[in-house]
Amino acid sequence: MADHSDNVESKSESLIDKIVEKIHDHDSSSSGSDSETEGSLKEKVFRLFGRERPVHHVFGGGKPADLFLWRNKKISAGVLTGATVIWVFFELLECHLLTFVSRSLILSLGLLFLWSNAHTFIYKSPPRIPEVQLPADPFLEFASTLRAEINCGFALLRDIATGRDLKKFITAIAGLWVLSIVGSWCNFLTLFYINFVLLHTVPVLYEKYEDKIDPLAEKALIEFKKHYAVFEEKVLSKIPKGPLKGKKA
């Protein structure tokens, strides 16, 4: 009888263990499916310009990113204030940059020349003018980067000029037309200052309110694609395309 009771108890314990294992397996599978669902939802979140990284990483993640995103408010505010003072000085006071630089150099060279020749009469040591030598590596790196960007620009212009991509052609024409209108409103210094202010305001505002801006941008993009599809069907499809590349022999 004792052996029979022991067998019954062992069978009941094994049955309970199987039930517990099934419950654990079901929980793990449901949690895994939930995590996969959350991951798929996260992948489906729309980000402006197809961005997959944080805004700080898009700007390089270094000191320029800290400056534009106001990680240090004192430095960012100081730089923006300095740019505003320079713009007010040259634009509102109607002081030309080349004239200002030339007269500043004339004044500096005149003072240094007089001090260098009159130090024996005023019993003071002559001025110590440091030797300025610019390192070559930063300029070579900048020139290499600029060369690559210019080559990419030339390649893009060539593709547009050949007429193989009508969408790029229309986009380039529209961009140049808008740029010509903006250029007629203000001079280069004012345009540079406006871009500088935008770099110090738009990214930080977008980073702060990106969860509200991205859905609106997604809706606007969907509407634009609808209108562009209608325009392409009624207008662009009827325009003959440029010559294709020659076939390989």
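Of the 249 residues in this protein, 10% are buried. Keep in mind as you look around that this is a predicted model.

**The overall picture**

The fold is built from helices: there are 9 of them, and 0 strands. Walking along the sequence, you meet the pattern α-α-α-α-α-α-α-α-α. Among contacts with a separation of 6 or more, 59% are between residues 24 or more positions apart. The protein exposes about 21300 Å², and carbon and sulfur atoms supply 67% of that area.

**A buried threonine**

A good place to zoom in is Thr190, which sits in helix α8 (residues 188-208). Is Thr190 buried or exposed? Thr190 has a relative accessible area of 10%, so it counts as buried, the cut-off for buried being under 20%. Leaving aside residues up to four places away in sequence, Thr190 touches Trp87 and Glu91. Its side chain makes a polar contact of 3.3 Å with the side chain of Trp87, and another of 3.4 Å with the side chain of Glu91.

**A nonpolar patch on the surface**

Now turn to the outside. Phe89, Leu93, Leu97, Phe100, Val101, Leu105 and Leu109 form a nonpolar surface patch, and together they have about 670 Å² of accessible area. Which helix gives the most to this patch? That is helix α5 (residues 97-122), with 5 residues. Phe89, another member of the patch, is found in helix α4 (residues 73-92). Phe89 is partly exposed, at 32% relative accessibility.

**Two salt bridges**

Side chains of opposite charge can pair when their charged atoms come close. A search of the whole structure finds 2 salt bridges, listed here with the distance between the closest N and O atoms.

| Salt bridge | Closest N and O atoms |
|---|---|
| Arg71 and Glu207 | 2.9 Å |
| Glu223 and Lys226 | 4.0 Å |

The pair Arg71 and Glu207 links distant parts of the chain, since its partners are 136 residues apart. Arg71 lies in the loop between α3 (63-68) and α4, while Glu207 belongs to helix α8. Both ends are partly exposed: Arg71 has a relative accessible area of 43%, and Glu207 has one of 23%.

The pair Glu223 and Lys226 lies within helix α9 (residues 210-234). These two residues are 3 residues apart in that helix, so about one helical turn separates them. Glu223 is partly exposed as well, at 40% relative accessibility.

Conventions
Residues numbered from 1 in each chain as written. Predicted model: local features only at pLDDT ≥ 70, side-chain atom pairs only at ≥ 80, totals over all residues. Heavy atoms only, no water. Helix = DSSP H or I, 4+ residues; strand = E, 2+ residues; numbered from the N terminus. Buried < 20%, exposed > 50% of the residue type's maximum accessible area, 1.4 Å probe, protein only. Contact = heavy atoms within 4.5 Å. Areas by Shrake-Rupley, 256 points an atom, 1.4 Å probe, with all protein chains shown as cover. Polar contact = N/O pair within 3.5 Å; in protein donor to acceptor, adjacent residues only side chain to side chain. Patch = residues over 30% accessible without salt bridge, like charges linked within 9 Å, V, L, I, M, F, W, Y side chains within 5 Å. Salt bridge = Lys/Arg side-chain N within 4 Å of Asp/Glu carboxyl O.
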